[in-house]
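Q: I have a model open and would like to learn how to read its features. Could you take me through a few of them?

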Amino acid sequence: MQQLKKSMRFRDLVILGLLFIGPAAPVGLFGVLDAISDGAIALVYLVATFIMAFTAFSYARMSSVLPNAGSVYAYCSAGIHPNAGFLVGWLLLLDYMFIPAVAYLFSGISLNALIPEVPIWVWTCIAVVITTTLNLIGIKKSAKITLIILMLEIIVLVAVLSVGIWVLLQSGAKREWLAPFIGGELFSWNSLFTAVSIAVLSYLGFDAIATFAEENGGKRSLVSKAIIGCLILAGALFIIQTYIGALLSPYSPEYLRANPGLQGKAYYQIVNQELSLWLGWSLGLMKAIGAAFAAMVGQAAASRLLFSMGRDKRLPSILSKVGKKSGIPTTAVLFAAIFNLCLAAIAANYAKGLPTLVSFVDVGALTAFIMLHVAVIGYFKFKQKRRGTSSFFIDILIPIMGILVLLPVLINIDNDAKIVGIIWLIIGVMVLFFNKGKANLAWLESSKSNLITKPKS
């Protein structure tokens, strides 16, 4: 049976998670969320972090007992049923295959804005080629490059925040100090959860750490620690940068709603006008480069999910082919890269390509997160045969709370995204119907080496 090389350490996992998330992920969504939430953008990210904490805990719980490359696909297969696992994995593919395409296209658009002489599609192709090459070399071997990129992103963000705090102390805030947490007169909980459903996109990265669980070269607990640590770091950065941005913003939520064309670049405009043109340019450049490397991690995560489903014969088994020297699922990486490039190229020639791609991403992730909580309950309450391995608070109450806080977010998601999710699910059901017999047997065989009956604390 094909196995991935166990070469990753705690630092590698955290770097990958933060790279995929992006330390400045809210920058591109700032104007949109500020308009929807009526100025309560810091509250949006506070609630989103709280909601994601339940999901992170369930990921940590399952990754400690099922160190499989398939992440939620493997967890739901073990905790619910292999067929349910396939359908959840299929929905998650919608995100892991679309997110890199979104990031690559964003990178191309951003670099084109900085250097207009080079077309968007050329920048996009360059980003795909470079990052795919790094993925084929192996994430462990390219760790120094990814660490440098992450550090540069953090340095630029810290510079922006530091200067922003200095300006606030010198000149005062444009809004009331608590406004980013309470919103304006038009604030409503419905609009808050609508904004949270979009903000969740900023967090789709900590869960990707779980897809690398099979390559963890240390203790099982390292993956769970990396997942929770990554979420805490990202949540703190998101809340701080949106709070400072809102206090500096010369644009009211009403103005942003009346000028939707400004929403996507609102944060950059705030930095340019209120802080420094050089800081604005640096932030734009690092967001562009960071997006390409976030796509790299997303591509790697997608390849691990494709690898796991191919190994279980849920998808063509050629996707489970692993390089003898690199220990990398090379076929799956190349397939993900080609898919990302084609999708980004199509969207680049469509006027609403970027927002359309973004709207498709969240529905699969939110559904997968809800099913993850169901898998925790199923696995520890009903599938664990040994006594004393299940805790009511950890394995029942927390997953139920996770489901309850995610449902309002899923309900308030864009209707077009729901339609795409339903169509994608129907296709998955058809694939399952024509391939379920031998796939169930293959899953049982592949799970024996990783499935354990007694979880480690």
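Q: Which residues does Tyr45 touch, leaving out those up to four places away in sequence?
A: This is a predicted model, so please read every contact as a computed one. Tyr45 touches Pro26, Leu29 and Leu33, then Ala199, Ser202 and Tyr203, and also Phe238, Ile239 and Thr242.

Q: Which residues have the most contacts inside the largest nonpolar core?
A: The general idea comes first: in soluble globular proteins, nonpolar side chains tend to be buried together. Here the largest nonpolar core has 136 residues, and Tyr45 and Val196 have the most contacts inside it. Helix α14 (residues 277-311) supplies the largest share of this core, 16 residues.

Q: How do I read helix α3, and where is its kink centred?
A: A useful rule is that an α-helix has 3.6 residues a turn, so residues three or four places apart point the same way. In this model, α3 has 23 residues and spans 32 Å between its first and last C-alpha, close to the 33 Å expected. Its kink, of about 25°, is centred on Ala53. The helix α3 is mostly covered, with 19 of its 23 residues buried.

Q: What is notable about the phi of Asp38?
A: Most residues other than glycine have a negative phi. Asp38 is not a glycine, yet its phi is positive, about 55°. You will find Asp38 in the loop between α2 (30-36) and α3 (41-63). Asp38 counts as buried because its relative accessibility is 3%, and the cut-off is under 20%.

Q: How many aromatic pairs are there, and why is the pair of Phe30 and Tyr267 called edge-to-face?
A: The structure holds 13 aromatic pairs. For the label, look at the angle between ring planes: over 60 degrees counts as edge-to-face. The rings of Phe30 and Tyr267 have planes at 80° and centres 5.2 Å apart, so this pair is edge-to-face. Because Phe30 lies in helix α2 and Tyr267 in helix α13 (residues 266-275), the pair ties together parts 237 residues apart in sequence. Phe30 is buried at 0% relative accessible area, and Tyr267 is buried at 4%.

Q: What about Tyr59 and Phe369: buried or exposed?
A: Both Tyr59 and Phe369 are buried. Their ring centres are 6.0 Å apart and their planes at 85°, so this pair is edge-to-face too. Tyr59 sits in helix α3 and Phe369 in helix α16 (residues 353-383), 310 residues apart. Ring pairs also join Tyr75 with Tyr59 and Phe369 in a cluster.

Q: Which ring does the charged end of Arg61 sit over?
A: That is the ring of Phe380, with the charged end of Arg61 4.0 Å from its centre.

Key
Residues are numbered from 1 along each chain as its sequence is written. This is a predicted model: local features need pLDDT of at least 70, side-chain atom pairs count only at pLDDT 80 or more; totals for chains, interfaces and linings use all residues. Side-chain values use heavy atoms; hydrogens and water are left out. Helices (H or I, at least four residues) and strands (E, at least two) are DSSP runs, numbered from the N terminus. Buried means under 20% relative accessible area, exposed over 50%, partly exposed in between (1.4 Å probe, protein chains only). The expected span of a helix is 1.5 Å times one less than its number of residues. The bend at a residue is the angle between axes fitted to the seven residues ending there and the seven starting there. A nonpolar core is a set of buried Ala, Val, Leu, Ile, Met, Phe, Trp, Tyr and Cys residues joined through side-chain atoms within 4.5 Å. Contact means heavy atoms within 4.5 Å. Rings of Phe, Tyr and Trp (its six-membered ring) pair if their centres lie within 6.5 Å; planes under 30 degrees apart count as stacked, over 60 as edge-to-face and the rest as tilted. A charge sits over a ring if NZ of Lys or CZ of Arg is within 6 Å of the ring centre and within 35 degrees of the ring normal.
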